[in-house]
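User: Please take one part of this model and go through it slowly, residue by residue where that helps. Then relate it to comparable features elsewhere in the chain, keeping to what the coordinates support.

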Amino acid sequence: MGESSVVPKLGNMKALLGIIAGAGASYGIYKLVTGEVFKKNKKSATREHYPTRGNQQIEVTLQPGSLLAKLSGLDLVRNRGVESQNVSGKSYVETCPPNKLSFHQKSHSNVFLTDDIDSKSPETLKPEHIKTLLSCLQTSSNQTDRCRVLITLGNAAAFTVNQDVVRELGGLPIIASFLSDPVADVRLQTLNALNNLSMNIINQDVLKFHVPQVLELIETSLVNSDLQLAALRLLTNMSAADVCHHLLRDSITLLLSLLVVSSQALQIQALKVLVNLSSNPDMMDDIVQAQVPASVVLLFDLRTAPAVLQRLLAFAGNLKAWTPSSQVATELRSRQDCLYRVLLDPSSQLHSRLLSLLSHPDEEVRADVANVLS
């Protein structure tokens, strides 16, 4: 990774990065910086690969409990301290086990065309069965039927052979088109199905075009909702390899912001994505420049759940493995709310907080802290 690439990027964002005063403002700037790019990426990805189902567009209204609403008004906690060092990078993947929902109740819209498909277990589905299910998914106008087909396909995709079959039958764009379905349950089951399908690296090369849609679902869904969690699980798989890392460059602030407003489950999932991204040296320039609520450093605390702490420490370790030149460090240090200033700069509280974690009751956490400090 070339350090020289940092300075031009910072220059382009200079006017924006210097005026942040709080987490709400930070997220607002993130929206200003990435909004138009996000829309452009979404349109070009769809145009480059395939159209959405029936050219259907869905507009989602931000609700009172959404991420943007939760972030507005949050104060930044200013920081002081020293630095720490690194642990080896980790990579996380997620799989959805076969859903135990039964399909004994028959559909009135003939989604399940034969008792043969209806009665089979996911691992015994043949290509002709999957082809029939994909056809039914495209033609069904009933949301319950769409959910059932997506669950069946998602269950089947827990098995490697079926991941290939779905792709070879052209099923990936068919399933992904339901990310824009107006029914939340359909979008949720679409994410679950894509999660299992994304365990296949060849499938990821097709599914990467839908990463902007997945990010949009995270932004517009209620904080701590099943939709947010499912979307983050999919991004965890997609980020395990570097196929789509470039599509997540403008979303570091979104992921970091989730750490201060969401539940433990979402914190863990967002951190898995951040650990995966920070394992790629080519992403480090973007990560250290990202605007972040300064209160993120307060998560390095004895009261934070061990499962969250361990992933925070893995992320911090990956960050500490990156060493900027003096020129780059000076440039980053002038950006008060960037991740470098919050977690890596000598003025950060991180070092003192890591020292306090050496007394953590969890042995694994203590070992992780020692690795970061070593």
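Analyst: Just after helix α8, G170 takes a positive phi of about 75 degrees. The model is a predicted one, and the helix that comes before this glycine, α8, spans residues 160-168. Within α8, the residues N162, Q163, V165 and V166 are buried, and because they cover an arc of only 165 degrees around the axis, they sit on the same side of the helix. The face turned away from that buried side carries T160, V161 and E168, which are exposed. As for what the buried side meets, its residues pack against α6 (127-139), α7, α9 (171-176), α10 and α11 (201-207).

Two of those partners, α7 and α10, also pack against each other, and their contact deserves a closer description. The axes of α7 (residues 143-156) and α10 (residues 184-197) come within 8 Å and cross at roughly 15 degrees; since angles under 35 degrees count as roughly parallel, α7 is therefore roughly parallel to α10. The handedness of this crossing is left-handed. On the α7 side the contact is formed by Q143, R146, C147, L150, I151 and G154, and on the α10 side by D185, V186, Q189, T190, A193 and N196. By class, the residues of this contact divide into five nonpolar, five polar and two charged.

D185, one of the α10 residues in that contact, has a relative accessibility of 47% and so counts as partly exposed. Its C-alpha atom lies 7.0 Å from that of C147, although 38 residues separate D185 and C147 in sequence.

Returning to the backbone, a positive phi also appears at N224, where the value is near 70 degrees in a residue other than glycine. Most residues other than glycine have a negative phi. N224 is found in the loop between α12 (211-220) and α13 (226-238), and at 32% relative accessibility it counts as partly exposed.

Further along the chain, another helix pair can be set beside α7 and α10. Helix α17 (residues 306-320) packs with α21 (residues 363-373) at an angle of about 15 degrees, with their axes 10 Å apart, and α17 and α21 are therefore roughly parallel to each other. Here, too, the crossing is described as left-handed. The residues that make the contact are P306, L309, Q310, L313 and G317 of α17, together with E364, V365, D368, V369 and V372 of α21. Sorted by class, this contact has six nonpolar, two polar and two charged residues.

L313, one of the α17 residues in that contact, has a relative accessible area of 0% and is therefore buried. From L313 to V369 the C-alpha to C-alpha distance is 6.7 Å, while the two residues are 56 apart in sequence.

The division into a buried and an exposed face described for α8 can be followed in helix α18 (residues 326-333) as well, where V328, A329 and L332 are buried. Seen down the axis of α18, these residues fall within an arc of 100 degrees, so they line one face of the helix. The face turned away from them carries S326 and Q327, which are exposed.

Two further buried positions have polar side chains, and they can be placed as follows. Q267 lies in helix α15 (residues 264-278) and, at 12% relative accessibility, counts as buried because that value is under 20%. Leaving aside residues up to four places away in sequence, Q267 touches L258, L259, S262, L299 and V308. S257, in helix α14 (residues 252-261), is likewise buried, with a relative accessible area of 1%. The C-alpha atoms of S257 and A294 are separated by 9.8 Å, and the two residues are 37 apart along the chain.

These local features belong to a protein with 21 helices and zero strands, in which 53% of the 374 residues count as buried. Among contacts with a separation of 6 or more, residues 24 or more positions apart account for 78%.

Definitions and conventions: Residues numbered from 1 in each chain as written. Predicted model: local features only at pLDDT ≥ 70, side-chain atom pairs only at ≥ 80, totals over all residues. Heavy atoms only, no water. Buried < 20%, exposed > 50% of the residue type's maximum accessible area, 1.4 Å probe, protein only. Helix = DSSP H or I, 4+ residues; strand = E, 2+ residues; numbered from the N terminus. Arc of directions from axis to C-beta. Contact = heavy atoms within 4.5 Å. Axes fitted to C-alpha atoms, helices over the stretch in contact; angles between N-to-C directions. Parallel < 35°, antiparallel > 145°, perpendicular 65-115°, else oblique. Left-handed = near helix turned anticlockwise from the far one by under 90°. Nonpolar A, V, L, I, M, F, W, Y, C, P; charged D, E, K, R; others polar.
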